[in-house]
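Subject: Structure handover

Hi there,

Here is the structure I promised to pass on to you. Have a look at it first, and then read on for what turned up in it.

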Amino acid sequence: MIRSLYQRVVLTFLVAVILGLTVAFFVMLSLYRDTFNAGIQRQFSDTAADIAGVLGRVERGQWDELLREQHWISVLRITLIAPSGEAHAYGGGPVQPEPMQIPPDALRQVRSGQSYASTGIGSLYSRMYGAPVRTEEGVYGLFIQPGNQSEPDDLGKTLLTTLLIALAAGSLFILVAARYLVNPLNRMTQATRRMAKGDFNVQLKLRKRRDELGELARSFDHMAVELRQLERMRQDFVANVSHEIQSPLTSISGFSKLMRNPGMPEEEKGQYLDIIETEADRLSRLTENLLKLASLDSEHHPFHPVPLRLDEQLRRIVVALEPHWSAKGLELQLELPQVKVMGDEDQLSQVWVNLLTNAVKFTPEGGSIELKLEALTDRVRVIFRDTGIGIAAEDMERIFERFYKADRSRGREKGGSGLGLAIVRKIAELHGGTVEAASEPGRGTTVTVTLPSGLGPPSKP
């Protein structure tokens, strides 16, 4: 069994070329032979008539000298049959030829004053042509054949030789062309083996090709870049998860060991217990968010859209988080007209909680938060605008990435894990919506969530 693509390509091309040349050989031979033979037959018939005409104009005694001294006659075999039946042979090269065997029907036809051409299927050089030579003695029969009977049929030989040369040259070109065609595939095979081992730093460098293989190579390079980015994100994700889990565990372990000191004051123990409780809550929220993201990423995450009053849900969230924003003396400005949408109530509630919590967390005391609801033609827009610390321009493109924190030190102090906005974006996408953010350091941040207001769940891609 042939397993190499190179061998298959070469074999396929060779079979195709051989079949094509074979068909071409027989078609050309069939079409051209009739035309070629017809022309040759006319030439020999005319030659026989011309020789007979020349002999008819000279004396009989001069025939031998005439037929033996003419150089062009040497390429012919000539047989001259007298009225008495005596046969004389001429031409055919330096060796004196033997008279041809003349069929009786041919001899009778020529003696009756008609020309003769054999109609046999044999080689062209076995054909015979005859013409009458009229003299006072009677009618002589002149018969000629091509002189070199050992020479094969030129047409068939020429065509066969030409086709064999074409086959040999074509095979050589096919070997080179097939190697050129298969080489990119071999390079792709080697690249996939490297990628299977975790090495995504591969590039085929075939972008200059404009054929299908070039397009495939460009897609392959793009895939390698995407996989390289995914691998980097995976490594960052593992590193971030490890760090976020290790940090509270280290604090819990360290303060637990300190509390083993029997002489530790109760007040200090209480402080340590508060720290342990805070870190435990932080670890609990982290695992809860990780489970939430894992569930949202799965294809089987429950999605139960129901008609709901979005304005009422937002008011409930504001009331539920009142202890947080009132403790900082924040002013909340609400613009919540009556709006009804189809959505998963629990998931959307998670979105509003995360966004309002972030706004409260990063807005200084005495600041303000604006919550605005807008009903568009077929969509609903929810806007959270605060007067907080803002986000730097270089961080804006990554704030929705998992575990990304624009200010890591400040985020850790406030107990953030960097998963809140990632959950917001995922839930918005599950509802067929979008989430966008705009910010200016020192002047606040605006987060806009746009959702469809249809009466059914969004179709999954």
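Let me start with a pair of helices: the axes of H9 and H12 come within 9 Å of each other and cross at roughly 145°. Their crossing is left-handed. On the H9 side, the contact is made by Gln347, Leu348, Gln350, Val351, Asn354, Leu355 and Asn358. H12 contributes Gly420, Leu421, Ile423, Val424, Ile427 and Leu430. Sorted by class, the residues in this contact are 8 nonpolar, 5 polar and no charged ones. Please keep in mind throughout that this is a predicted model.

Some overall numbers may help you find your way around. The protein has 12 helices and 12 strands. Of its 461 residues, 36% count as buried. Looking at contacts with a separation of 6 or more, 65% of them are between residues 24 or more positions apart.

**The largest nonpolar core**

Which residues touch the most other members of the largest nonpolar core? They are Leu310, Leu314, Trp352, Leu355 and Val382, out of 37 residues in that core. Two or more residues each come from H7, helix H9 (345-361), strand E9 (368-375), strand E10 (379-386), helix H12 (420-430) and strand E12 (444-452). H9 gives the most, with 7 residues. As a general background, nonpolar side chains in soluble globular proteins tend to be buried together.

Leu314 is a good residue to click on here. Not counting residues up to four places away in sequence, Leu314 touches Leu336, Trp352, Leu371, Leu373, Val382 and Phe384. Apart from this core lies another one, of 20 residues, with Ala52, Tyr90, Tyr129 and Val133 among them.

**Around Asp311 and Thr357**

Asp311 is found in helix H7, which spans residues 310-320. Asp311 has a relative accessible area of 2%, so it counts as buried. Beyond its neighbours within four places in sequence, Asp311 is in contact with Leu336, Pro337, Gln338, Val339 and Leu373.

Thr357, found in helix H9, is partly exposed, with a relative accessible area of 30%. Its C-alpha atom is separated by 8.2 Å from that of His324, and the two residues are 33 residues apart along the chain.

**Strands E7, E9 and E10**

How do E7 and E9 run, parallel or antiparallel? Strand E7 (residues 331-335) and E9 run parallel and are joined by 5 bridges. Glu331 stands opposite Ser368 in E9. E9 and E10, in turn, run antiparallel, with 7 bridges joining them, and a hairpin of 3 residues connects E9 to E10. Leu373 has Val382 in E10 as its bridge partner. You have met both residues already, since Leu314 touches Leu373 and Val382.

**The five-stranded sheet**

There is also an open sheet of 5 strands, with the order E2-E1-E5-E4-E3 and antiparallel pairing. Its edge strands are strand E2 (87-91) and strand E3 (116-117), each of which pairs on one side only. Strand E1 (residues 76-81) and E2 pair in the antiparallel sense over 5 bridges. Arg77 has Gly91 in E2 as its bridge partner. Helix H3 (residues 104-111) packs on this sheet and touches E1, E3, strand E4 (129-134) and strand E5 (139-146). The direction of H3 makes about 125° with that of E5.

**Leu55**

One more residue to look at is Leu55, in helix H1 (residues 5-56). Is Leu55 buried or exposed? Its relative accessibility is 1%, so Leu55 counts as buried. Setting aside neighbours within four places in sequence, Leu55 is in contact with Trp63, Leu66, Leu67, Leu80, Val133 and Leu142. As for one of these partners, Leu66 is 11 residues from Leu55 in sequence, and their C-alpha atoms are 8.5 Å apart in space. Another partner, Val133, is one of the residues of the 20-residue core.

That is the tour. Happy browsing, and do write back with any questions!

Best wishes

Definitions and conventions: Residues are numbered from 1 along each chain as its sequence is written. This is a predicted model: local features need pLDDT of at least 70, side-chain atom pairs count only at pLDDT 80 or more; totals for chains, interfaces and linings use all residues. Side-chain values use heavy atoms; hydrogens and water are left out. Helices (H or I, at least four residues) and strands (E, at least two) are DSSP runs, numbered from the N terminus. Buried means under 20% relative accessible area, exposed over 50%, partly exposed in between (1.4 Å probe, protein chains only). Contact means heavy atoms within 4.5 Å. A nonpolar core is a set of buried Ala, Val, Leu, Ile, Met, Phe, Trp, Tyr and Cys residues joined through side-chain atoms within 4.5 Å. Axes are lines fitted to C-alpha atoms, for helices over the stretch in contact, and angles run from 0 to 180 degrees between N-to-C directions. A crossing is left-handed if the near helix is turned anticlockwise from the far one by less than a right angle, and right-handed if clockwise. Ala, Val, Leu, Ile, Met, Phe, Trp, Tyr, Cys and Pro count as nonpolar, Asp, Glu, Lys and Arg as charged, and the others, Gly among them, as polar. Two strands pair if DSSP finds at least two bridges between them.
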